Amino acid sequence: MTRPLRLVAVSGGLQRPSKSAALAEHLLDLIADAVPCEQRLIELGPLAPQFGGALRRSLLPDTVERELAAIEGADVLVVATPVYRGAYTGLFKHFFDFIGQDALIDKPVLLAATGGSERHALVIDHQLRPLFSFFQARTLPLGVYATDNDFVDHRLRNQALIERSRLAVQRALPLIEWLRHASPSAAEEAALA
């Protein structure tokens, strides 16, 4: 791949400022520090009124369609969502219901979530990983979970969480690097496997 990596993050946060968006941006920046890429952050909060009532993708406005196409065309995804009552929000799931069923096959996905306390930390393995397994995406080995206490003014401040974020990206880099250097035919073979 001679072009920069297409790196897309989706923040399921519905408010601005958003801790989920801050975490997604932090992870985007860590990846961008390691590999040349084009970054894009998609925030669901501002888009929610445009897709919340749609039942089919054909009913979506162009603004939402462009964001879905960016996700489907990404080389790597970062997905960060707030946790409500032990799971991602209904709007988060509704948005991903519009993604093509085969569009994320073998796409590396770094999973992240934010919540009020540690008791929601398993959302990554019990909610997000199964969702992206359905899409046959390659969820990366480590997820990143942050609580409200890890932020000051919507910026990550907890050193242990910052280190875990670095470790999650470091563990993801071999797959990302392979993807960057794979010949088009090898990348296509991986997607078909």
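## Helix packing, a pocket and two backbone oddities

Let's start in the loop between strand S1 (5-11) and helix H1, which is where Pro17 is found. This is a predicted model, and in it the peptide bond that joins Arg16 and Pro17 is cis, with omega at about -5°. A second backbone feature is at Gln136, which is not a glycine and yet has a positive phi of about 65°. Gln136 sits in the loop between helix H5 (123-134) and strand S5 (138-139). Why pick out these two spots? Because most residues other than glycine have a negative phi, and most peptide bonds are trans.

Now for the helices. Here are three packed pairs, side by side:

| Helix pair | Angle between axes | Axis separation | Crossing |
|---|---|---|---|
| H2 (residues 44-51) and H4 (residues 90-97) | about 65° | 11 Å | left-handed |
| H2 and H3 (residues 62-73) | about 125° | 9 Å | left-handed |
| H1 and H6 (residues 159-181) | roughly 50° | within 10 Å | right-handed |

Take H2 with H4. An angle of about 65° separates the two axes, so H2 and H4 count as roughly perpendicular to each other. On the H2 side, the contact is made by Leu44, Leu47, Ala48 and Phe51, and on the H4 side by Leu91, Phe92, His94 and Phe95. Sorted by class, this contact of H2 with H4 has seven nonpolar residues, one polar and no charged ones.

H2 also packs on H3, at about 125°, which makes H2 oblique to H3. Leu47, Gln50 and Phe51 from H2 meet Thr63, Val64 and Glu67 from H3. The residues in the contact of H2 with H3 split into three nonpolar, two polar and one charged. Leu47 and Phe51 turn up in the H2 contact with H4 and again in the H2 contact with H3.

Then there's H1 with H6. Their axes cross at roughly 50°, so H1 and H6 are oblique to each other. H1 brings Leu23, His26, Leu27, Leu30, Ile31 and Ala34 to this contact, and H6 brings Ile162, Ser165, Arg166, Val169, Leu173, Ile176 and Glu177. By class, the contact of H1 with H6 has nine nonpolar, two polar and two charged residues.

H1 has a part in a pocket as well. The second largest pocket has a volume of about 220 Å³. It is lined by 15 residues, and the closest to its centre are Lys19, Ser20, Pro82, Tyr84 and Thr114. Which elements each supply at least two residues of that lining? Helix H1 (19-34) and strand S4 (108-115) do. As for the chemistry of the lining, the residues of this pocket divide into five nonpolar, eight polar and two charged.

To pull the threads together: H2 passes both H4 and H3 in left-handed crossings, while H1 passes H6 in a right-handed one. H1 also supplies at least two residues to the lining of the second largest pocket, and the loop between S1 and H1 is home to Pro17, joined to Arg16 by that cis peptide bond.

Definitions and conventions:
Residues are numbered from 1 along each chain as its sequence is written. This is a predicted model: local features need pLDDT of at least 70, side-chain atom pairs count only at pLDDT 80 or more; totals for chains, interfaces and linings use all residues. Side-chain values use heavy atoms; hydrogens and water are left out. On a 1 Å grid over the protein atoms alone, a cavity is a set of points where a 1.4 Å probe fits but cannot get out, and a pocket is an open set with protein on both sides within 12 Å along at least five of seven lines; lining residues have an atom within 4 Å of a point. Grid points are joined across faces, edges and corners, and a volume is the space filled by probe spheres set on the points. Helices (H or I, at least four residues) and strands (E, at least two) are DSSP runs, numbered from the N terminus. Ala, Val, Leu, Ile, Met, Phe, Trp, Tyr, Cys and Pro count as nonpolar, Asp, Glu, Lys and Arg as charged, and the others, Gly among them, as polar. Axes are lines fitted to C-alpha atoms, for helices over the stretch in contact, and angles run from 0 to 180 degrees between N-to-C directions. Angles under 35 degrees count as roughly parallel, over 145 as roughly antiparallel, 65 to 115 as roughly perpendicular and the rest as oblique. A crossing is left-handed if the near helix is turned anticlockwise from the far one by less than a right angle, and right-handed if clockwise. Contact means heavy atoms within 4.5 Å.
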